[in-house]
Amino acid sequence: MAPVEGPHGRGPHHQASRHAPPRHGATHGSGYGSAYSAARDQRTTRLAAKDGVLQDKRRVEVLVACLAFFLYWNTMQAGFVYDDSRAVLRNPDVLGTSPWSALFLNDFWGTPMSHSGSHGSYRPVTVLSLRLDALLASHVLGRGVSPVGFHLVNMALHAVASLLVLQLARRLLGRWAASVAAVLFAAHPVHCEAVAGLVGRADLLCAVFFLRAVYDYVRYVDWREMHRCTHNNVPTKLLESPAYVPSTDLVNKMLDHVLLESKGGPQGRPAGRRCAGDACAACGVRTVVLLGSAIGLTVLATLSKELGITALGVCFVYEMLVQHRRRQKKLAVEPSGLALLAGVAGSLLLARLWLMGLRVPHFAVADNPAAKDPSLLTRTLTFLHLPVVNLGLLVWPQRLSFDWSMEAVPRVASVADPRNALSAALYLCLWRLCRHTYRRLLRAARAAEDAVEDADDVGLSPRRTESVAVGLALLVLPALPATNLFFYVGFVVAERVLYVPSVGFCFLVALGAQRLCSRRAVLVQAALALTVLALAARTVTRNADWRDEEALYRSGIHVNPPKAYGNLGSVLSASNRLAEAEHAYRMALRHRPNMAEVHYNLGNLLAVMKKYDESARSYEQAIHYRPTLALAYVNLGHILARQGRVQDATEVFRKCVLIPSTGLRDPAAHESARVSALVHLAHIQVGQGRLAQAKQDLDMALQIRPAHYETGPILKLMAEVTSGLKANETTAGKVVKKVVLKKREAALTSTPGTLLNESRCVTSESRSRVLSHS
């Protein structure tokens, strides 16, 4: 018979009364009555102790939730910064201007997945949550699209994720280590980008579903392995045992209520009867619920962000540990769980590739320079070094940045580069840790020093080596999609991508602290307290950088000067601080001269300052470095037309109209620029009296315009052109009529055949002349 758990175990427990009456035929004076009273007293004492433990757990949960939530309270004053503008303010799927079905057809940025320029980030669950936030703010609260609600939801999701870290760690590490891991996770400043930036909603949702999926799978496996059935023919001594305590797990309580407390009980037996026999129908339902929950939550995590699929990998590692434990106990290995996880993972990968059209998205060279480097050695050494950079952000999160693209992490181009030593040291440590864990597992030691503290919290009581293995899986597997190992990604390093892998990092730190605490408890606890305080202080100060774009970009100058200066120039220009903006743009170009966007923005600034010649040169530089930058063509044509170079402006506008949107990251903005070029062309045609050509350009503009493009100016100009064409047709008709009447008067003395031929000829010549004039 399987052992019975305490109040914090995983399985369902009997809901019998704590003071059950003695069995039929027993008296209080009998030996049995005395034994029963003693057992009841022992059980009451155990319940009282467990109630104290339960209260301690609740205090820790409240502490973790409050810490995770209120550390980010100063983000409530933050606005839409960096990528938030494109992801929220310019995304029709979030603003509600597109149909609900578009959420499942477009990528995270609102571009159709079928478009060649799509980012490939299929995250409908994340976009749906952002849309609900916008809907609540604009329609229910009547405040428009305000960032406050978005930030509030992000803070709540971070608190939920921290509680899930605590819940999962209690099952795998023990109470003390779980509390340490959860507090470290809640306070770590590397999470600021994910929580303070609204684009990080994808990472937060993915983490919540990811952690709950792993937790439910662990519960499913433990229930399956313990063979805990409590439905039929339960021995009376089990109910009388002082070890028996009712379940406190909310999900198990709900399942008990559905499966056991219904009228008549399972299989028609009276409600309230329990047993500890083999599996039955009710237990089958329980396993299906837990397993289905794990798989369903993994799907939701994957639809929130792509790395959610790695939850199946963590479950796979845990399943392998359980099968290894079965082998130690001379039990048959059951590969069905491993096969199921592999099948689900394969299905999700195939569905993901199908959604992307069996192609890999393309990114700009500046986003990930090493991916485009022609040298295989440089690519290999650089990508091997990036995990060192990521680990450094987790260990010492002082040097943080909103963007790590371009040359923020210089490429490792030579074997002699000293950074290769750090890479080798990291992989050596990982290899030794994995080898040590594997050898410990092979020894199958069940010594007391390997047992995890507080077995009631971990059900199957996995040894410390197994906990290390799960921690490594949580650290490594979620980070794999961003390592450029399987495919190139659109960034070098991203702090928000570390949100889920940091769970494994916190697990390993907590396990190390737990081991050290057995030797020098006071010193270790003091060090942990100081570490948490330092992390919390850094989190609060880092949040201040995300309050507005100027503060954010200034904070990134020391990491990524060209990107930070370029974006800072745009912010200063919008604030009418033109001299500062020009300095920022020129500083960005000094660090990286081939930035087309900076050349374009500098051209806009110089045009405002009425330095038209310099502005035109900046636009030409932008076009040189990016021939598909349609907005640069539009503004260059406008400057040329202002300078009286109408023919040159017409040629520039025509080139802009002919640029296709294939492979572009933001096709909607590109099509808007093409529409603007057509409108400018129509104005030039009207000024030159070529109304028919102007009407053709306007018709094309109406045909290709994006849904969000304002049609008012186009329709107004179209009305003027149409009115002019009608006036010309009226004038042409009068001219033709006068010529025909004169010919008829002159031909009264002519023959009918001659009159007909001449009238046809004159009419044809007159129409040709009028159309040519128009």
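**View 1. The span of residues 562-595, a TPR repeat in the UniProt annotation (unreviewed entry).** In this predicted model, the end C-alpha atoms of residues 562-595 lie 8 Å apart. The span is 79% helix and 0% strand (DSSP runs: helices are H or I, at least four residues; strands are E, at least two; numbered from the N terminus). The TPR annotation also covers residues 596-629 and 630-663. For residues 630-663, the end C-alpha atoms lie 14 Å apart, with 74% helix and 0% strand. UniProt annotations may be inferred rather than shown by experiment.

Residues are numbered from 1 along each chain. Local features need pLDDT of at least 70, side-chain atom pairs count only at pLDDT 80 or more, totals for chains, interfaces and linings use all residues, and side-chain values use heavy atoms, without hydrogens and water.

**View 2. Two spans from the UniProt feature "transmembrane region" (unreviewed entry).** UniProt places this feature at several spans, including 376-396 and 521-540. Residues 376-396 are 95% helix and 0% strand, with end C-alpha atoms 30 Å apart. Residues 521-540 are 100% helix and 0% strand; their end C-alpha atoms lie 29 Å apart.

**View 3. Cysteines Cys192 and Cys656.** Cys192 counts as buried (under 20% relative accessible area, 1.4 Å probe, protein chains only) because its relative accessibility is 1%. Cys656 is buried too, at 0%. Counting pairs of cysteine sulfur atoms within 2.5 Å as disulfides gives zero disulfides.

**View 4. A nonpolar surface patch with Trp100.** Trp100, Leu128, Leu132 and Leu135 make a patch of about 340 Å². Trp100 sits in the loop between α3 (92-95) and α4 (124-140). Patch residues have over 30% relative accessible area and no salt bridge (Lys or Arg side-chain nitrogen within 4 Å of an Asp or Glu carboxyl oxygen), and nonpolar side chains are joined within 5 Å. Trp100 has a relative accessible area of 43%.

Conventions
Buried < 20%, exposed > 50% of the residue type's maximum accessible area, 1.4 Å probe, protein only. Patch = residues over 30% accessible without salt bridge, like charges linked within 9 Å, V, L, I, M, F, W, Y side chains within 5 Å. Areas by Shrake-Rupley, 256 points an atom, 1.4 Å probe, with all protein chains shown as cover.
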